[in-house]
Amino acid sequence: MTPGPPRRALRVAVIGGGPGGLYAAALLKRLDPRREITVWERNAPDETFGFGVVLSDETLGGIEQADPVVHQALQKEFVRWDGIDIVHRGRTLTSGGHGFAALGRRRLLRILHARCTALGVRLRFRTPAPPAAELARTHDLVIAADGVGSLTRETHADVFRPRITFHRCRYIWLAADFAFDAFRFETAETEHGVMQLHGYPYAADSSTVIVEMREEVWRAAGLDTPRPPRAHDHDPMESVHRCARIFADALGGRPLHGNASDWNAFRTVVNGRWSHGRTVLLGDAAHTAHFSIGSGTKLAVEDALALAACVEEQPTVEDALAAYEAERRPVVESTQRAASASLRWFEELARFVDQPPRQFAFNLLTRSRRVTHDNLRLRDSAFTDAVERDFGCPPATPPMFTPFRLRGLELRNRVVVSAMDMYRAEDGVPGDFHLVHLGTRALGGAALVMTEMVCVSAEGRISPACTGLYTDAQAAAWRRITDFVHTESPGAAIGVQIGHSGRKGSTRVMWEGMDDPLPEGNWPLWAASPLPYRPGISQTPRALDAAGLDAVRAEFAAAARRAADSGFDLLELHCAHGYLLSGFLSPLTNLRTDAYGGPLANRLRFPLEVFDTVRAIWPAERPMTVRISATDWAPGGTTPEEAMDTARVFVEHGADAIDVSTGQVVADERPEFGRSYQTPYADRIRNTLGVPVIAVGAISSWDDVNSLLLAGRADLCALARPHLYDPHWTLHAAADQGHSGPGALWPAPYRAGSRKPPAGRTDAPRPRLTLR
């Protein structure tokens, strides 16, 4: 094939001379020396914020492949270490095997300056860049690497659609003139509140030190307004010196110093688009991720690698910018989810300081959910073994297979089959499908198998295919199922979740149109207030009056009696997901002006009346739990403080555990989906109130379960979709971990399947066919 004519060399303008902009310029020039590339930087060459930069081995591998010259220069400068020291109330716990590399930010800039100069990139220091729109008229590509406060992004906000979130902690970036031995996290519990130090070495004689605390702690400590200087002390860096005194033990009494350092609130930057015509955002201008999981420099360098590759690979700049965003956005969003989890952990640090030292350390190490129990075991098995011993794991027993007691019920492990609506009943009666569905999952090893929401009346059903406990025939059918579980899977427990659909009733089954009204045969709906779930689509419910409230309480009472007679081991009251009782709890769905509306204490009144009625009927030795939606994922909805108050009051009234879910209360919710995305709400309730919780929400692996339990974020983990994919998920989790024991008992007929079958000839020993 005859090659086509060479492409025209590009003119490239880079706004911002930080590491991301410089590296993008160097790579683009290296890939095509004909390109005319200019970098504008308003500051002097050595004028920069911060001190050390941390890069991962993965990022370094990309640099080595893309530009060995830069990689070789970096290698000469790096300080490397693999330990993390966590100091908790004077005790230092060390976890090894992590692997970090860091160097000074000024040294990184000098390396990139030299590389750009050698390649022929024009560097214009102390020179503000012309506006991006002006540069785009004379350049083929404009790279806006102008930082978190990007003027380019704000000028074209209508196109980039930035969303900037300010967070609840204040932090200051400082340095010390000595090298820490490891990445160091240290907590100071002061009279004003909890403060946190993040420190790491970046040279043989230097360390970055970041001091962080909640804004209210920062203000209470007087750090928001530096103390007036005394007559003999005119030090303008008073807050820096105070940080050094607070963390004197960590610093060995040495001072801290700044670099135009000031207290900041972290900003998470997200953009709807990353490019506008010929202009593209890179690094902090496009996205930010909290410093506690890495560095913005790492993300910016990776952006530069991807952008340069896409410009080289794609036929046009337009195609290159589209490919760059398509490649990087999923990676960045994943990083931002992890960073958000880490950031929130440090915001809530005060909730964890009373944990035992090793559990606190494990919690900190796994805060972002990127480091897990299994991953940490590979890095430092001695550390995880010690955490497991403190947790109470019997020898050679994974955390998920330790028993747990709720009132008179001993659960053999920590796995719950979450309640899942099946829509397979006739006249509310569970049939063979429910027997097989629930029976199979009980045989599959979970400690507790929950029914779907079992409705307390015909009018309280979600759909005509929902199960009930409002007739004796239904109760008899449930007894058939509980008998099967208790007989065929000894040690397994089965729980019933009872509820009333409220304004979300009289709908089609899920796969025919979720939350869509029935085409015919609708029944009247009742709710806290006359608000349709989907305005213009859903039926408008009637508000329950006094007689209606009495009737519903009586229906719950009758269902509880039948549930007890049916042999269920546990009862859960459904107060979540926008169903009737949840509708009373949320300020978005309860607009009542009587004693059941208004402040939370009033909104709680009816759900508590129902709970008290059911608890009085439910056998005293059997546990009772409550499922709540801890957030509505909508403005004006349930606050975290209200969720905790709700949980606290239910526990005071006799709830043995809180099943912490979120959302599904209003149709216009905006959940923050992601792995284990609901577990922080369970974590907050457990570690604030000290009550047992069941965590739910995209918990997908046994490693997640072990991690959540060891970190003290949950007592039980409820999984739904994994149990649809694999009814024997719990037993297979035991097999994958090489575990057998009382928490993972295979039914006798299934024991031959307790080891994974060989996959085929490739698993067989291979002959040696060469001579040594």
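The following questions and answers concern a predicted model.

Visitor: Into which residue ranges is the protein chain divided, and how many Å separate the centres of the two domains?
Guide: The domain assignment gives domain 1 as 11-224 + 237-347. Domain 2 is assigned as 404-692 + 707-714. Taken over C-alpha atoms, the distance between the centres of domain 1 and domain 2 is 45 Å.

Visitor: Which strands form the closed barrel, and is their pairing parallel or antiparallel?
Guide: The barrel has eight strands, in the order E19-E20-E21-E24-E25-E26-E27-E28. Neighbouring strands of this sheet are turned against each other by 30 degrees on average, direction ignored. The pairing in the barrel is parallel.

Visitor: Which residue in E21 stands opposite Met450?
Guide: Strand E20 covers residues 448-455 and strand E21 covers residues 493-499. These two strands run parallel and are joined by six bridges. Opposite Met450, in E21, stands Gly495.

Visitor: Which helix packs on the sheet and touches E20 and E21, and what angle does its direction make with that of E21?
Guide: The helix is H17, residues 472-488. Its contacts on the sheet include both E20 and E21. The direction of H17 makes with that of E21 an angle of about 150 degrees.

Visitor: What is the strand order of the open sheet, and which are its edge strands?
Guide: This sheet of three strands has antiparallel pairing and the order E3-E7-E4. An edge strand here pairs on one side only. That applies to strand E3 (52-55) and strand E4 (79-81).

Visitor: Which residue in E7 is the bridge partner of Val53?
Guide: E3 and strand E7 (residues 100-104) run antiparallel, with four bridges joining them. The partner of Val53 in E7 is Leu103.

Visitor: What angle does the direction of helix H4 make with that of E7?
Guide: Helix H4 spans residues 105-119 and packs on the open sheet, touching E3 and E7. Its direction and that of E7 make an angle of about 80 degrees.

Visitor: How many cavities of 30 Å³ or more does the structure hold, and how much space lies in the largest?
Guide: With 30 Å³ as the lower limit, the structure holds seven cavities. The space in the largest cavity is about 100 Å³.

Visitor: Which element gives the most to the lining of the largest cavity?
Guide: The lining has 13 residues, and among the closest to the cavity centre are Leu585, Ser629 and Thr646. Helix H20 (580-585), helix H21 (600-603), strand E25 (624-629) and helix H23 (640-652) each supply at least two lining residues. The element that gives the most, with three residues, is H23.

Visitor: How many residues of the lining of the largest cavity are charged?
Guide: By class, five lining residues are nonpolar and five are polar. The number of charged residues in the lining is three.

Conventions. Residues numbered from 1 in each chain as written. Predicted model: local features only at pLDDT ≥ 70, side-chain atom pairs only at ≥ 80, totals over all residues. Heavy atoms only, no water. Pairing = 2+ DSSP bridges. Axes fitted to C-alpha atoms, helices over the stretch in contact; angles between N-to-C directions. Contact = heavy atoms within 4.5 Å. Domains from an automatic or database assignment. 1 Å grid on protein atoms, 1.4 Å probe; cavity = no way out; pocket = protein on both sides within 12 Å on 5 of 7 lines; lining within 4 Å. Points joined across faces, edges and corners; volume = space filled by probe spheres on them. Nonpolar A, V, L, I, M, F, W, Y, C, P; charged D, E, K, R; others polar.
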